[in-house]
Amino acid sequence: MITKNNKHIAIRKVTEGDYSDISTYLYHLSELSQKRFGPHGYDLESVQEIHSNSNIIGYLAEHENEIIGYTIIQNGYLLHDADRLNSYGLNLEHQTDTTFAPSVADEWHGLGVGQLLFREIRKDILESGRSRIILWGGVQASNDGAIQYYERIGFRKLGMFNYHGENYDMIWENRQTTHH
Ligand SMILES: CC(C)(COP(=O)(O)OP(=O)(O)OC[C@H]1O[C@@H](n2cnc3c(N)ncnc32)[C@H](O)[C@@H]1OP(=O)(O)O)[C@@H](O)C(=O)NCCC(=O)NCCS
């Protein structure tokens with residue numbers, strides 16, 4: 001795969017041998033990016049713990065064997081977000097819903113890595129028979145770049161909620177299945 005600055009990158013699923021490198025990658029994110037990527041702690045134990053959950057699938061984007069992007073998805077929806085998400089009339093379903101949390105290394109922002117990661121992940125999600133992708137804990141309303149990214153890859157806003165400031169819930173739906 002080729003980024004906008006003509007670099008070759010590879011995208012693959014996380015395996016056990018990656019946990020320590022993922023922790024290092026997360027600690028190297030800028031303070032701002034760290035505030036925005038929060039599905040789990042950054043220490044090795046937290047990385048191991050989240051990936052011990054069989055509903056979690058991690059993805060890495062790598063350039064010359066170095067991690068430049070890390071994204072996790074969870075099969076199903078997050079229980080602690082369920083009431084809020086149902087309030088938009090979603091009718092949540094563990095069988096068809098997926099939850100999505102992306103991150104890209106700061107030096108690589110805006111070069112298409114997030115878009116390439118999403119393309120791979122969406123392919124796997126659709127192949128597994130799932131049809132909706134929900135943001136993990138929403139997106140901070142102040143995070144313009146991420147909101148533009150989500151809209152560019154086909155997400156739409158569901159509504160706003162307050163948690164340490166304003167946030168949007170957003171969703172991607174497979175149009176082919178929503179019409180049936
Ligand atoms: C949000 C994030 C994952 C996007 O990944 P990325 O690799 O930078 O995004 P891409 O380069 O693939 O951009 C795809 C589209 O998003 C938009 N976009 C991305 N970053 C943007 C920015 N800072 N400002 C404006 N638009 C932006 C562009 O419209 C772009 O579309 P285009 O190529 O047609 O112009 C990444 O910036 C990131 O990790 N940010 C910090 C952590 C974070 O905020 N995570 C999300 C928490 S909810």
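A salt bridge is a side-chain nitrogen of Lys or Arg sitting within 4 Å of a carboxyl oxygen of Asp or Glu. By that yardstick, the structure holds eight salt bridges. The structure is a predicted model, where local features need a pLDDT of at least 70 and side-chain atom pairs count only at pLDDT 80 or more, while totals for chains, interfaces and linings use all residues. Residues are numbered from 1 along each chain as its sequence is written, and side-chain values use heavy atoms, with hydrogens and water left out.

Side chains of opposite charge can pair when their charged atoms come close. One such pair is Asp18 and Arg12, whose closest N and O atoms are 2.9 Å apart. Asp18 is buried, at 7% relative accessible area, whereas Arg12 is partly exposed, at 30%. (Buried means under 20% relative accessible area, exposed over 50%, and partly exposed in between, using a 1.4 Å probe and protein chains only.) Glu62 joins in too, as Arg12, Asp18 and Glu62 are linked in a network of salt bridges.

Arg84 turns up in two of the pairs described here: a salt bridge with Asp81, at 3.3 Å between the closest N and O atoms, and a salt bridge with Asp169, at 2.7 Å from N to O. Arg84 lies in helix α4 (residues 82-86) and Asp169 in strand β8 (residues 166-173), so this pair ties together parts that are 85 residues apart in sequence. Helices (H or I, at least four residues) and strands (E, at least two) are DSSP runs, numbered from the N terminus. Arg84 is partly exposed, with 21% relative accessibility. Asp81 is buried at 7%, and Asp169 is buried at 1%.

Next come the pockets. Rolling a probe the size of a water molecule over the atoms shows where empty space is left. A pocket, on a 1 Å grid over the protein atoms alone, is an open set of points where a 1.4 Å probe fits, with protein on both sides within 12 Å along at least five of seven lines; lining residues have an atom within 4 Å of a point. The largest pocket has a volume of about 1,200 Å³, a volume being the space filled by probe spheres set on the points, which are joined across faces, edges and corners. Its lining has 44 residues, with Arg36, Pro102, Asn143, Ala146 and Tyr150 nearest the centre. The largest share of that lining, six residues, comes from α6. By class, the lining of the largest pocket has 19 nonpolar, 18 polar and seven charged residues. Here Ala, Val, Leu, Ile, Met, Phe, Trp, Tyr, Cys and Pro count as nonpolar, Asp, Glu, Lys and Arg as charged, and the others, Gly among them, as polar.

The second largest pocket comes in at about 210 Å³. Residues lining this pocket include Asp21, His28, Glu66 and Trp108. Helix α1 (19-28) gives the largest share, four residues, and the lining of this pocket has six nonpolar, three polar and three charged residues.

Finally, there is the ligand. Of the 22 residues around the ligand (a heavy atom within 4 Å), Lys4, Val104, Gly112, Gly114 and Arg152 come nearest. A ligand nitrogen is 3.3 Å from an N or O atom in the His109 side chain. Ligand oxygen atoms also meet the backbone, with one 2.9 Å from a polar backbone atom of Gly110 and one 2.8 Å from a polar backbone atom of Gln115.

Conventions. Polar contact = N/O pair within 3.5 Å; in protein donor to acceptor, adjacent residues only side chain to side chain.
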